[in-house]
Amino acid sequence: MRATVLLTALLAPLTILAAPAPVENAAIISARQGAVKPKPCQPITPAPTEEETEARFDKFADAFIVKKNITGAFEYINQAYINHNPMAQNGFDSAWNILSPIWGNQQITVLGTKFQGTQGWLHYRSGFGEVVDRFRWEAGCIAEHWDQGEKFPA
């Protein structure tokens, strides 16, 4: 009996080591581990309908400004992506190099999203201030981006 009590007393501190570790917030883990660069979006043939493209836009918006999953968002950007921001070069790689190191740490407040025809808009507030991004979609992928002086559509 005394041996059992002694053994229990000696082993009790070790049970803490066997307890599961607390689950960390996925965004914290992702930011700490760094983003994984995906392959650029490949055009879909035949091209998706407007409704299918809007569904893809919704997934992009969720990844980009809700979950801040830069890897997931960039799966929708094609290699020849044209960026109309004068401070950025064209191309998937340029956009990735600008955003991937900082995106996971952005504080984002979503103000709205809209899709019409081949265009999608994201309206949000971040460390950059209030932003309206406009994206032109082609064959299921983001082909162009504007963010200078853009207005969120009524």
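Ring pairs join Phe57, Phe60, Phe64, Tyr76, Trp103, Phe115, Tyr124, Phe135 and Trp137 into a cluster. The model is predicted. Across the whole structure, a search finds eleven aromatic pairs. One of the pairs is formed by phenylalanine 57 and tryptophan 137. Its geometry is edge-to-face, with 6.4 Å from centre to centre and 85° between the planes. Phenylalanine 57 belongs to helix 3 and tryptophan 137 to strand 4, so the pair ties together parts that lie 80 residues apart in sequence. Phenylalanine 57 is buried, and its relative accessible area is 0%. Tryptophan 137 also counts as buried, at 3% relative accessibility.

A further pair involves phenylalanine 74 and phenylalanine 92. The ring centres are 5.4 Å apart and the planes stand at 75°; the pair is therefore edge-to-face, the class for angles over 60 degrees. Phenylalanine 74 sits in helix 4 and phenylalanine 92 in helix 5, so this contact ties together parts separated by 18 residues in sequence. Both phenylalanine 74 and phenylalanine 92 are buried.

The largest nonpolar core holds 25 residues. Within this core, Phe60, Phe64 and Leu122 touch the most other members. At least two core residues come from each of helix 3 (50-66), helix 4 (70-74), strand 1 (77-83), helix 5 (92-99), strand 3 (119-126) and strand 4 (129-138). Helix 3 gives the most, with six residues. Phe60 and Phe64 also appear in the aromatic cluster. The surroundings of phenylalanine 64 were examined beyond its neighbours within four places in sequence. On that basis, phenylalanine 64 is in contact with Ile70, Ala73, Leu99, Trp103, Ile108, Leu122, Tyr124 and Asp133. Among these partners, Trp103 and Tyr124 are members of the ring cluster too.

Charged side chains were considered next. The count comes to six salt bridges. Aspartate 93 pairs with lysine 37, and their closest N and O atoms are 2.6 Å apart. This bridge links distant parts of the chain, 56 residues apart. Aspartate 93 lies in helix 5, whereas lysine 37 lies in the loop between helix 2 (26-33) and helix 3. Aspartate 93 has a relative accessible area of 33%, so this residue is partly exposed. Lysine 37 is likewise partly exposed, at 41%.

Lysine 67 forms a salt bridge with aspartate 62. Here the closest N and O atoms are 2.9 Å apart. Lysine 67 is exposed, with a relative accessible area of 55%. Aspartate 62 is partly exposed, with a value of 27%.

The side chains of glutamate 150 and arginine 134 meet in another salt bridge, at 2.8 Å from N to O. Glutamate 150 is in the segment after strand 5 (141-146), and arginine 134 is in strand 4. The two residues are 16 residues apart, and the pair links distant parts of the chain. Both glutamate 150 and arginine 134 are buried. Arginine 134 has an aromatic partner as well: this residue lies over the face of tryptophan 146, at 3.9 Å from the ring centre. Arginine 134 thus combines a salt bridge to glutamate 150 with a position over the ring of tryptophan 146. Elsewhere, Arg136, Glu138 and Glu144 are linked in a network of salt bridges.

Conventions: Residues are numbered from 1 along each chain as its sequence is written. This is a predicted model: local features need pLDDT of at least 70, side-chain atom pairs count only at pLDDT 80 or more; totals for chains, interfaces and linings use all residues. Side-chain values use heavy atoms; hydrogens and water are left out. A nonpolar core is a set of buried Ala, Val, Leu, Ile, Met, Phe, Trp, Tyr and Cys residues joined through side-chain atoms within 4.5 Å. Buried means under 20% relative accessible area, exposed over 50%, partly exposed in between (1.4 Å probe, protein chains only). Helices (H or I, at least four residues) and strands (E, at least two) are DSSP runs, numbered from the N terminus. Contact means heavy atoms within 4.5 Å. A salt bridge is a side-chain nitrogen of Lys or Arg within 4 Å of a carboxyl oxygen of Asp or Glu. Rings of Phe, Tyr and Trp (its six-membered ring) pair if their centres lie within 6.5 Å; planes under 30 degrees apart count as stacked, over 60 as edge-to-face and the rest as tilted. A charge sits over a ring if NZ of Lys or CZ of Arg is within 6 Å of the ring centre and within 35 degrees of the ring normal.
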